[in-house]
Amino acid sequence: MTTRYRQGLIAAAVVGSLSLTSAHAQDKTPGYNHKIPDKIMTPDSVETRIGTLKFDDGVPTVETTQKVYDNLDFLRGIEVFLNFIPAASVEATRLSGTERGATKSNQAVIYDDLLDSSTLMLTANTDTVYLFGFLDLEADGPTVVEIPAGSGPGTVDDAFFRFVTDVGPPGPDRAKGGKYLIVPDWFKGELPKDKKDGGEYFIARSPSKVNLLILRGFLKDGKPDASSKLFREGVKIYSLSKATNPPAMEFINSSKVAFNTIHANNFEFYEELDHVLQNEPLEFIDPELRGLAGSIGIVKGKKFAPDERMKKILTDAVAIGNATARAINFRNRDPRSPFYPNSQWRTGFIANDYRWLGGDEMAGRDQDARTNFFYMATVNTPAMAARIPGRGSQYALSVADTSGNPFDGAKSYRVNIPANVPAQDFWSMVVYDPQTRSELQTPQPYPSKNNKRDKLIANADGSVDLYFGPKAPAGKEVNWTQTVPGKGWFAILRLYGPLDPWFDKTWRPGEIELMK
């Protein structure tokens, strides 16, 4: 190799090295020794839905910091509203019982003459005798609930509307009646044997102090008298410690009484929730939910006292949360919501899972499905979601006509209910107010039709046409439910004792159609 050739190679290597160094220098992010991926960097100015966010080398400015904290508190306020609707709903129901005089477990609210539109209650029916019992497991410890034979379906739910046990036809007594023992999770004492082990009681456990018993009694010959008598004579609630000498039951008739059982949709919602969390054991909800409530200042053992800034944010948050719940209810976007293809009938139990776990649990808690149910309804039981022919109850609701328009109280509508409705006990159609999600208040105190109570006019093929509007169609008054101009409405079809054609969808109701 000649000297000149070696010098040429060296020169080329030097030039190449200088080129690589120059290229490497050009790839470096300013202020760094190397190229930093853009995706981990934060620009000095970012446009977002809450405005322009500004940073000084990644550190938010004072103004941006305040803006994002306000937004965080706002988001947390919305999430608290949506996630805690079940707890606030139980609390509102409990408070309504207290207002009516039911302050002890042996005092129950009963609707001897059915539940008419005077009472504000989420999608209650006009077709069964309701009984509400309020259990206090802190005061009474393990509590006995005696259910008479022949009762309609009933349920015990905890203070978050989580399922504890069914009673009556869907419960383990299978309508034969029996004694149930509701035991608080924290109770460590001795208990009697469970029924399945040869004992006297059907035993169920609950994590909360407050528990709600809801019973429904069927009409006989279209009248509530028999179920009212059955409940008044056969339902008993008392502490196990007083089993040898239980206190006498007191029944408070609340038919035709105007009072409210529904949680607030304004700032008072957070105050209702605070009372629940102060009253219930710490373990009543998991740390994740406790942390969510705590992020807006609702903490067990501490006073809920938001300052003016936080109160203003939460007032906005509950307004947006309420609007969100209403969108989920009345304009649901979940493809699992419709009961049938191209239909306005839809289910309240999306995915047919009372735990809101989507059936297979793969996607975790379906929060929108839970909101969809509890913003409009109460009572959580597998019997409403499970396929149990001849027992329990099933529901379909319609909030819009065949064109997808909300129902207008000034217009007239018709729906055809085909013959042979697959309901062993009865079927009914009840009309509700979208504002209160309670029975629509009109000159008709019971805004509904029931095949066992009403002498409905049937068509030649056995089907029944039901009518809705401000005026009754001539000759069809008995099939007509009145609506109010200037107000909307929606309807729920109920089947008690649903049979196989309902579950396999070989029978289906007609759509509610606008009459021209």
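## Aspartate 433 and its surroundings

In this predicted model, aspartate 433 counts as buried, because its relative accessibility is 9% and the limit for that class is under 20%. The residue sits in the loop that runs between strand 18 (423-432) and strand 19 (448-450). From there its side chain reaches the backbone nitrogen of glutamine 435 at 2.8 Å. Leaving aside residues up to four places away in sequence, aspartate 433 touches Ser438, Glu439, Leu440, Lys487 and Phe490.

One of these partners, lysine 487, belongs to another loop, between strand 21 (480-482) and strand 22 (488-498). Lysine 487 is partly exposed, with a relative accessible area of 29%. With residues up to four places away in sequence again left out, lysine 487 touches Asp408, Gly409, Asp433, Gln435 and Leu440. Lysine 487 and serine 117 are 370 residues apart in sequence, while their C-alpha atoms are 15 Å apart in space.

## Annotated domains

UniProt, in an unreviewed entry, places the domain DUF1254 at residues 106-238. Over this span the chain is 11% helix and 38% strand, and the C-alpha atoms at the two ends are 6 Å apart.

The domain DUF1214 is placed by UniProt, likewise in an unreviewed entry, at residues 394-498. That span is 0% helix and 43% strand, and its end C-alpha atoms lie 6 Å apart.

## Helix 3

Helix 3 is made of 16 residues, 85-100, and reaches 23 Å from its first C-alpha to its last, which is close to the 22 Å expected at 1.5 Å a residue. Its buried residues are Ile85, Pro86, Ala87, Ala88, Ser89, Val90, Glu91, Ala92, Thr93, Ser96 and Gly97. Just after the helix, glycine 101 takes a positive phi of about 105 degrees.

## Two open sheets

Six strands form an open sheet in the order 8-7-11-5-4-13, and the pairing within it is mixed. Strand 8 (163-167) and strand 13 (250-253) are its edge strands, each pairing on one side only. The twist from one strand to the next averages 20 degrees. Inside this order, strand 7 (residues 154-158) and strand 11 (residues 210-217) pair in the antiparallel sense over five bridges, and aspartate 158 has asparagine 211 of strand 11 as its bridge partner.

Another open sheet has four strands in the order 10-9-6-12, also with mixed pairing. Its edges are strand 10 (201-206) and strand 12 (236-239), each of which pairs on one side only. Neighbouring strands here are turned against each other by 20 degrees on average, direction ignored. Strand 6 (residues 143-147) and strand 12 run antiparallel and are joined by four bridges, with tyrosine 238 of strand 12 as the bridge partner of valine 144.

## Strand 20, an enclosed strand

Strand 20 (residues 464-469) is largely enclosed by the rest of the structure, because six of its six residues are buried. Val464, Leu466 and Phe468 point one way from the strand and Asp465, Tyr467 and Gly469 the other way, and all of them are buried.

Strands of a sheet pair through backbone hydrogen bonds, in either the parallel or the antiparallel sense, and strand 20 provides an example of each. With strand 17 (residues 413-417) strand 20 pairs in the antiparallel sense over five bridges, and the bridge partner of tyrosine 413 there is phenylalanine 468. With strand 21, by contrast, strand 20 pairs in the parallel sense over three bridges, and tyrosine 467 stands opposite tryptophan 480 of strand 21.

## Residues with positive phi

Most residues other than glycine have a negative phi. Aspartate 57 departs from this pattern, with a positive phi near 50 degrees. It is placed in the loop between strand 2 (51-56) and strand 3 (59-60). Aspartate 57 is exposed, because its relative accessible area is 68% and exposed residues are those over 50%.

Phenylalanine 161 likewise has a positive phi, near 55 degrees, although it is a residue other than glycine. It is found in the loop between strand 7 and strand 8. In contrast to the exposed aspartate 57, phenylalanine 161 counts as buried, at 1% relative accessibility.

How values were computed. Residues are numbered from 1 along each chain as its sequence is written. This is a predicted model: local features need pLDDT of at least 70, side-chain atom pairs count only at pLDDT 80 or more; totals for chains, interfaces and linings use all residues. Side-chain values use heavy atoms; hydrogens and water are left out. UniProt positions are given in the numbering used here, feature names are shortened, and annotations may be inferred rather than shown by experiment. Buried means under 20% relative accessible area, exposed over 50%, partly exposed in between (1.4 Å probe, protein chains only). A polar contact is a pair of N or O atoms within 3.5 Å; within protein, one must be able to donate a hydrogen and the other to accept it, and residues adjacent in sequence count only if both atoms are side-chain atoms. Contact means heavy atoms within 4.5 Å. The expected span of a helix is 1.5 Å times one less than its number of residues. Two strands pair if DSSP finds at least two bridges between them. Axes are lines fitted to C-alpha atoms, for helices over the stretch in contact, and angles run from 0 to 180 degrees between N-to-C directions.
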